[in-house]
Amino acid sequence: MGSNLWIEQNVREGAPSPIPSRFVLTYRELMTTAVGDPFECHALACALAVAATEPRPLTEALGMSRSALKAMLACHFPSLRALPVDAGPGPDALEEPDLRALLLEHRSTGAVVEEWFGAIIARRSLGTNHLWQDMGLSGRGDVSTLLNRHFHSLAQQNVRSMKWKKFFYRQLCLREDVLICKSPHCDSCDDFSKCFGDEFPLGTPSGPRETWHDHHQ
Ligand code: SF4
């Protein structure tokens, strides 16, 4: 995949919640000079572009150390000059180290890009939209592709296509033997629709928002 079709479509047709032009410009600039596997470059460019729309340092928005971010840029976007790489990843949220560790336990190849994606996914999972939106990706399919490629044995456990943030949270709860779901079985649970189903865009000004923290509220 060489482009973010969701972005291109929204730019052409006009979205109800417009994608910031900075996101589009950054993504396009990054992809123009990207080096390496096209899908990996696409996913990293999306994450960088969405992070660049936020006021905090890129390192913090991506949960990456300065050295890791520098290495990633040097590897995939070597001609990049404008993006600052200051500061550090900032403090972890409570569940972030556990999610990072869960992902890395299931890494597919051991390549360094999986460390970068592990950090990025764990940090972006703290956002308030679907994971694909918080990562600036084109849709749920991109997240599924990313996880199946780089965290295959974990992704394969999501046999019922649970929403990805919900799936992560559920996995962490199962590991800790802390089950605080409203029901012992998903099929009889009042929250079924929160955990399963389509992941249409969230976060329009009047629309719903999602965090993995609200999983059991
Ligand atoms: S909240 Fe309900 S639907 Fe969601 S994972 Fe728990 S039991 Fe399943």
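Author: A nonpolar core is a set of buried Ala, Val, Leu, Ile, Met, Phe, Trp, Tyr and Cys residues joined through C-beta atoms within 7 Å, where buried means that 20 or more other C-beta atoms, placed from the backbone, lie within 10 Å of the residue's own (exposed: 12 or fewer; partly exposed: in between). This is a predicted model, in which local features need pLDDT of at least 70 and side-chain atom pairs count only at pLDDT 80 or more, while totals for chains, interfaces and linings use all residues. Residues are numbered from 1 along each chain as its sequence is written.

Reader: Which helix gives the most to the largest nonpolar core?

Author: Of the 44 residues in this core, A45, C46, A47, L48, A49 and L62 touch the most other members. With 10 residues, the most given to the core comes from helix α3 (residues 38-51; a helix is a DSSP run of H or I, at least four residues, numbered from the N terminus). The name asked for is therefore α3.

Reader: Which residues does A45 touch, not counting those up to four places away in sequence?

Author: Contact here requires C-beta atoms, placed from the backbone, within 7 Å. Leaving out residues up to four places away, A45 touches Y27, L30, M31 and A34.

Reader: Which residues of α2 are exposed on the other side from its buried ones?

Author: In α2, F23, T26, Y27 and L30 are buried. These four cover an arc of only 100° around the axis (taken from the directions from the helix axis to the C-beta atoms), so they lie on the same side of α2. On the other side, the exposed residues are S21, L25 and T32.

How values were computed
Helix = DSSP H or I, 4+ residues; strand = E, 2+ residues; numbered from the N terminus. Contact = placed C-beta atoms within 7 Å.
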